[in-house]
Amino acid sequence: MRINKKKFIYLISPNKIKKSFYGDLKEVLKSKKISFFQLRLKNTSFKKKLFIGKKIKKICKKYKTKFLINDDVSLSKKLNADGCHLGQKDMKLIKAKQLLSKKIIGVTCHNSIKLAKLAIKGKANYLAFGAFNISKTKKIKYKANLNLLKKIKKLTKTPIVAIGGINSENYKKLLLNKANFLA
């Protein structure tokens with residue numbers, strides 16, 4: 001996976017998509033700073049996710065942003081998305097790789113080197129770590145730190161996505177410590 005230094009943002013959708021969201025997404029993607037957009041809808045029917053996903057996929061394609069689906073390999077396949085993000089309770093990486101073939105598959109590693117090593121062994125396309133900071137959008141179960149980031153970078157060249165409460169005041173530390181993408 002090639003990394004463009006200017007495109008370090010990994011954008012994640014809100015849990016509920018309002019009608020105004022599509023216009024807002026177009027505006028943000030026009031900036032050309034977004035590498036990935038992840039559709040992350042919890043407690044939403046497959047049918048509704050499919051409907052929303054089709055609209056978002058067109059927008060992502062227009063602005064050359066990789067479109068990923070959170071947790072749902074079958075939705076990713078049905079939408080022919082660019083890939084899928086797997087949490088630790090989702091489908092196993094090896095099975096997802098079989099179903100999605102050459103697509104991008106990222107794996108949540110929380111704050112664990114052990115989970116990272118498993119994802120690296122399984123040839124994940126990127127590793128996601130976090131939360132690095134307190135977040136307003138998700139309850140924090142796992143706290144990651146810059147030390148972890150440094151250790152992981154010594155283990156692998158696999159791109160790293162840093163997640164959790166990232167804002168205009170704290171993002172630079174993560175980039176300086178070699179996070180490839182910020183969610």
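**Note on the predicted protein chain**

1. Cys 109 is a buried residue, and its relative accessible area is 0%. The model in which this value was computed is a predicted one. The sulfur of Cys 109 has its closest cysteine sulfur in Cys 84, 14 Å away, which is too far for a bond. A disulfide would require the two sulfur atoms to be within 2.5 Å.

2. Cys 60 may be read alongside this case. With a relative accessible area of 0%, Cys 60 is buried. For its sulfur, the closest cysteine sulfur is in Cys 84, at 14 Å, and this separation is too far for a bond. How many disulfides does a search of the whole structure find? The search finds 0.

3. The overall fold should be noted next. The protein chain contains 7 helices and 8 strands. Its radius of gyration is 15 Å, close to the 16 Å given by the globule rule for 183 residues, so the chain is as compact as a globular protein of that length. The C-alpha trace spans about 40 × 40 × 30 Å along the principal axes.

4. Burial and contacts add to this picture. Of the 183 residues in the protein chain, 45% are buried. Among contacts with a separation of 6 or more, 54% join residues that are 24 or more positions apart.

5. The surface and the charges deserve a separate point. The protein chain exposes about 11300 Å², and 55% of this area is supplied by carbon and sulfur atoms. The chain carries 49 positive and 7 negative charges, and the mean positions of these two groups are 7 Å apart.

6. Some backbone features call for attention. Most residues other than glycine have a negative phi, and most peptide bonds are trans. Where does the chain have a cis peptide bond? The bond from Gly 130 to Ala 131 is cis, with omega near 15°. Ala 131 belongs to the loop between β6 (126-130) and α6 (146-155).

7. His 110 is not a glycine, yet it has a positive phi of about 55°. This residue is part of strand β5, which covers residues 104-110. Is His 110 buried or exposed? The relative accessible area of His 110 is 18%. Burial means a value under 20%, and His 110 is therefore counted as buried.

8. Lys 178 also has a positive phi, of about 75°, although it is not a glycine. Its place is the loop between α7 (171-176) and β8 (181-182). The relative accessibility of Lys 178 is 53%. The cut-off for an exposed residue is over 50%, so Lys 178 counts as exposed.

9. The surroundings of Ala 162 are worth following in the structure. Ala 162 lies in strand β7, residues 160-163, and it is buried, with a relative accessible area of 0%. Phe 129 is 33 residues from Ala 162 along the chain, but the C-alpha atoms of the two are separated by 5.2 Å.

10. Which residues does Ala 162 contact, leaving aside its neighbours within four places in sequence? They are Phe 129, Phe 132, Leu 174, Ala 179, Phe 181, Leu 182 and Ala 183. One of these, Phe 181, can be placed in β8 (181-182), and another, Leu 174, can be placed in α7 (171-176).

Conventions:
Residues are numbered from 1 along each chain as its sequence is written. This is a predicted model: local features need pLDDT of at least 70, side-chain atom pairs count only at pLDDT 80 or more; totals for chains, interfaces and linings use all residues. Side-chain values use heavy atoms; hydrogens and water are left out. Helices (H or I, at least four residues) and strands (E, at least two) are DSSP runs, numbered from the N terminus. The radius of gyration is taken over C-alpha atoms; the globule rule is 2.2 Å times the number of residues to the power 0.38. Buried means under 20% relative accessible area, exposed over 50%, partly exposed in between (1.4 Å probe, protein chains only). Contact means heavy atoms within 4.5 Å. Accessible areas come from the Shrake-Rupley method with a 1.4 Å probe; for residues, only the protein chains shown count as cover. Lys and Arg count as positive and Asp and Glu as negative; His and the chain ends are not counted. The place of a charge is taken as NZ of Lys, CZ of Arg, CG of Asp or CD of Glu.
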